[in-house]
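Student: I would like a close look at a single part of this model, set in the context of the rest of the chain. Please take me through it carefully, beginning with a residue in a loop and going on to the helices.

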Amino acid sequence: MKKTKILIVIALLIVFSTTTVYAKNTIFSDIKDHWAEREIINLVNQNIISGYPDGTFKLNANISRSEFSTLMYRVLGLKEEVSEEKTVVFQEIEGLWSEKFIEALVEKEVIIPDEYENGYLANKEMTRVEIAKMVIRAIGKDRRARNIYKNRIKPEKEIALFFNK
């Protein structure tokens with residue numbers, strides 16, 4: 001069930017290229033009559049996603065690494081699982097609203113610090129390849145995802161090979 005939930009969330013993100021994690025229990029003014037309105041509300045009701053403080057969901061906005069990390073943290077049910085004796089891996093996220101979410105994903109090896117030579121850059125737009133690699137790791141298929149980075153082959157080809165098996 002958890003794998004299915006992760007894949008549904010990721011599919012929505014790829015289609016929308018967006019989601020947000022700020023306001024709670026809001027009816028979004030910009031999703032009325034959208035084909036995914038019911039799914040968005042369902043994910044909000046499960047406390048997986050939320051909207052912006054201005055009452056919008058921003059369907060056409062891009063998702064940041066902070067936002068996606070928060071979403072993955074919630075989908076994986078990692079609530080309060082971050083160890084107290086943690087070492088901050090990405091110095092630039094220290095004190096950021098999404099720090100605990102990012103650090104929890106690093107701790108669970110969903111985010112691999114070696115892939116971010118210049119830091120995590122939490123407010124940078126999340127790419128589809130990054131999303132795919134994190135989902136693959138979250139469902140326990142990380143060896144193949146690591147090979148995408150190490151071998152520097154075209155990620156799209158590797159991901160296609162992975163799913164065609």
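Tutor: Lysine 58 is partly exposed, since its relative accessible area is 32%. The model is a predicted one, and within it lysine 58 sits in the loop between helix 2 and helix 3. Its backbone deserves attention as well, for the phi of lysine 58 is near 60°, a positive value in a residue other than glycine. Most residues other than glycine have a negative phi.

The loop between helix 2 and helix 3 also holds asparagine 47, whose phi is likewise near 60° and positive although the residue is not glycine. Asparagine 47 comes just after helix 2, and with a relative accessible area of 38% asparagine 47 is partly exposed.

On the N-terminal side of this loop, helix 2 spans residues 37–45, and Ile40, Leu43 and Val44 are buried in it. These buried residues cover an arc of only 105° around the axis, and therefore lie on the same side of helix 2. Arg38 and Asn45, by contrast, are exposed on the other side of helix 2.

On the C-terminal side of the loop comes helix 3, residues 65–75, whose axis comes within 12 Å of the axis of helix 5, residues 128–138, the two crossing at roughly 20°. Angles under 35 degrees count as roughly parallel, and helix 3 and helix 5 are therefore roughly parallel to each other. The crossing in which helix 3 passes helix 5 is right-handed. Helix 3 contributes Arg65, Phe68, Ser69 and Met72 to the contact, while helix 5 contributes Glu130, Ile131, Met134, Val135 and Ala138. Sorted by class, the residues in this contact of helix 3 with helix 5 are 6 nonpolar, 1 polar and 2 charged.

One of the contact residues from helix 3, serine 69, repays a separate look. Serine 69 is buried, because its relative accessible area is 0%, and buried means under 20%. Leaving aside residues up to four places away in sequence, serine 69 touches Phe101, Ile102, Leu105, Ile111, Tyr120 and Met134. Met134 is also among the residues through which helix 5 makes its contact with helix 3.

Turning to helix 5 itself, 8 of its 11 residues are buried, so helix 5 is largely enclosed by the rest of the structure. The buried residues are Glu130, Ile131, Ala132, Lys133, Met134, Val135, Ile136 and Arg137, a list that includes charged side chains. Just after helix 5, glycine 140 adopts a positive phi of about 85°.

As for the setting of these parts, the chain contains 7 helices and 0 strands, and its elements run α-α-α-α-α-α-α from the N terminus on. Of the 165 residues in the chain, 47% are buried. Among contacts between residues at least 6 apart in sequence, 70% join residues that are at least 24 apart. To return to the starting point, lysine 58 belongs to the loop between helix 2 and helix 3, where its relative accessible area of 32% makes lysine 58 partly exposed.

Conventions:
Residues are numbered from 1 along each chain as its sequence is written. This is a predicted model: local features need pLDDT of at least 70, side-chain atom pairs count only at pLDDT 80 or more; totals for chains, interfaces and linings use all residues. Side-chain values use heavy atoms; hydrogens and water are left out. Axes are lines fitted to C-alpha atoms, for helices over the stretch in contact, and angles run from 0 to 180 degrees between N-to-C directions. Helices (H or I, at least four residues) and strands (E, at least two) are DSSP runs, numbered from the N terminus. Angles under 35 degrees count as roughly parallel, over 145 as roughly antiparallel, 65 to 115 as roughly perpendicular and the rest as oblique. A crossing is left-handed if the near helix is turned anticlockwise from the far one by less than a right angle, and right-handed if clockwise. Contact means heavy atoms within 4.5 Å. Buried means under 20% relative accessible area, exposed over 50%, partly exposed in between (1.4 Å probe, protein chains only). The arc is that of the directions from the helix axis to the C-beta atoms.
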